[in-house]
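User: I am new to this structure. Please take a close look at the largest nonpolar core and the parts around it.

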Amino acid sequence: MKTGTKIGLVLIALSIVLSIWVIVGGSSDADYQEGDFILSDDGTVAIQYVGSGGSVTVPDGVVTLSDGLFKNNPSITSIYMPDSVSVLGAEVCSGCSQLQSVDLSSNISSIPSNAFRECSGLVSVSLPGVGSIGSNAFYGCSTLGSVTIPASCTSISSSAFANCDNLSEISVSSGNANYSSSDGCLYNASKTRLIFVPGGKSSVSIASTCTTIGSGAFADAYYVSDLTVPESVTTIEEDAFSGSGIRTITIPESVTSIGGQSGWSPSTIYGYADSAAETFAKNNSIPFVVLGPGPGPEPTPPGPEPTPTPDPEPTPYVPTPGDVVNPDGTVSRADGTVVDPTTGRVIRGGTGATGSSHTKDATPGTADGDLDPRYFLCIAVFLGGAGCIVYARHRKTKYIKNKK
């Protein structure tokens, strides 16, 4: 091998080694520590927390808190985030059992799945500007007593507040286009659908506007033992009461649809005969107590009282020249009519009198007033003739065209 070739190979190998050194050196310089955090080289990503716990303040300028940044840290008691933070990683604070309060940045639009899962010491959390709350985001936060949903929130997972045993109040800020609240429970904006009953409630008064009890609505209601469903409700969805502690329930006859309820066995259902509640109770072998008869046919309203027809006033008899009084007291007039002089009533008609005689209607017709069937025969014959004329003209026209 020539020397030049050898030198070339050596230089190539050296360049490869230098490239690897630069890459490794650059990556080691990319991260740096600021306070209790290891940040990316531009300071926008909090990669690792290395502090001793207590009250934690995220450095200003940080945009993203990486996945699991504080996960399972037993020493952190509070976290403050500056407005520069806009992204929370999954499970960012999961398992922080001593975490009591969190001040979220107003620029955080989404709380990801499991973000604060099992933060059993969490008492309060602010959610300014949040648009969505992911699945199990606050699962198992057993000390959390109340939550305010901001007007900006458009999506809340059904399991977002699952197993929050002390949560007794969910309130929704005015102006929210998707959600509302009543008696501490979560509804859709029009309060026609009950979405979620917090696990810390011991009694529930369902809104009078509610028509549907949604699936999973009472899944965490372990302490609600008795429930009266208002007459506005027409539908109880599948698994609406699954997992609940409801033992006795009163269901009105307005409810016409009840879905299957797995894992729910109340001691008694109160309702009306021949209702959806009775059918559900029988199909699931649940004791049923009848409150009253079911809905029957609507009664027919009484018709108007008939108006009595007054008897005609008697027409007084007026003598005319030529009248002859008959032996029976009637009067025969010159025109041949016989009149009762006491009432003026015509007993027998004459040539010009109005009597009981009947002039036959000259118009042909059937006995019930319908058209004579012969008219239809005439029409059919007419249409047949017209058709023949049209057909003949058509043949002639076709013949002339063929001749040309």
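Analyst: Two strands pair if DSSP finds at least two bridges between them. Helices (H or I, at least four residues) and strands (E, at least two) are DSSP runs, numbered from the N terminus. This is a predicted model, in which local features need pLDDT of at least 70, side-chain atom pairs count only at pLDDT 80 or more, and totals for chains, interfaces and linings use all residues. Residues are numbered from 1 along each chain as its sequence is written, and side-chain values use heavy atoms, with hydrogens and water left out.

The protein chain has three helices and 28 strands. Of its 404 residues, 33% are buried. Buried means under 20% relative accessible area, exposed over 50%, and partly exposed in between (1.4 Å probe, protein chains only).

Now the core. A nonpolar core is a set of buried Ala, Val, Leu, Ile, Met, Phe, Trp, Tyr and Cys residues joined through side-chain atoms within 4.5 Å. The largest one holds 48 residues, and L65, F70, I133, F138 and F161 touch the most other members. Five elements give two or more residues to this core: β2 (37-39), β3 (45-49), β6 (76-80), β12 (146-149) and β14 (169-172). A second, separate core has 31 residues, including V204, L227, I246 and I286. In soluble globular proteins, nonpolar side chains tend to be buried together.

Look at F161. Contact means heavy atoms within 4.5 Å. Leaving aside neighbours within four places in sequence, F161 is in contact with I133, F138, V147, I149, I156, L167, F196 and D220.

Next, the strands that feed the core. β12 and β14 are parallel and share four bridges. In this pair, V147 stands opposite I170 of β14. In a regular strand the side chains alternate between the two faces of the sheet. β14 shows such an alternation: I170 and V172 point to one face and are buried, whereas E169 and S171 point to the other and are not.

β2 and β3 run antiparallel, joined by three bridges. Here I38 stands opposite Q48 of β3. Their hairpin has five residues between the strands, and G43 takes a positive phi near 75 degrees there. β3 also pairs with β5 (residues 64-65), this time in parallel, through two bridges. V45 of β3 faces T64 of β5 in that pairing.

F196, a contact of F161, leads on to the largest pocket. On a 1 Å grid over the protein atoms alone, a pocket is an open set of points where a 1.4 Å probe fits, with protein on both sides within 12 Å along at least five of seven lines; lining residues have an atom within 4 Å of a point. Its volume is about 230 Å³, counted as the space filled by probe spheres set on the points, with grid points joined across faces, edges and corners. Of the 17 lining residues, S158, S159, I195, F196 and G216 lie nearest the centre. Strand β17 (residues 193-196) gives the largest share, four residues. The lining divides into nine nonpolar, six polar and two charged residues. Ala, Val, Leu, Ile, Met, Phe, Trp, Tyr, Cys and Pro count as nonpolar, Asp, Glu, Lys and Arg as charged, and the others, Gly among them, as polar.

β17 also belongs to an open sheet of six strands with mixed pairing, in the order β15-β16-β17-β18-β20-β22. Its edge strands are β15 (179-182) and β22 (257-258), each pairing on one side only.
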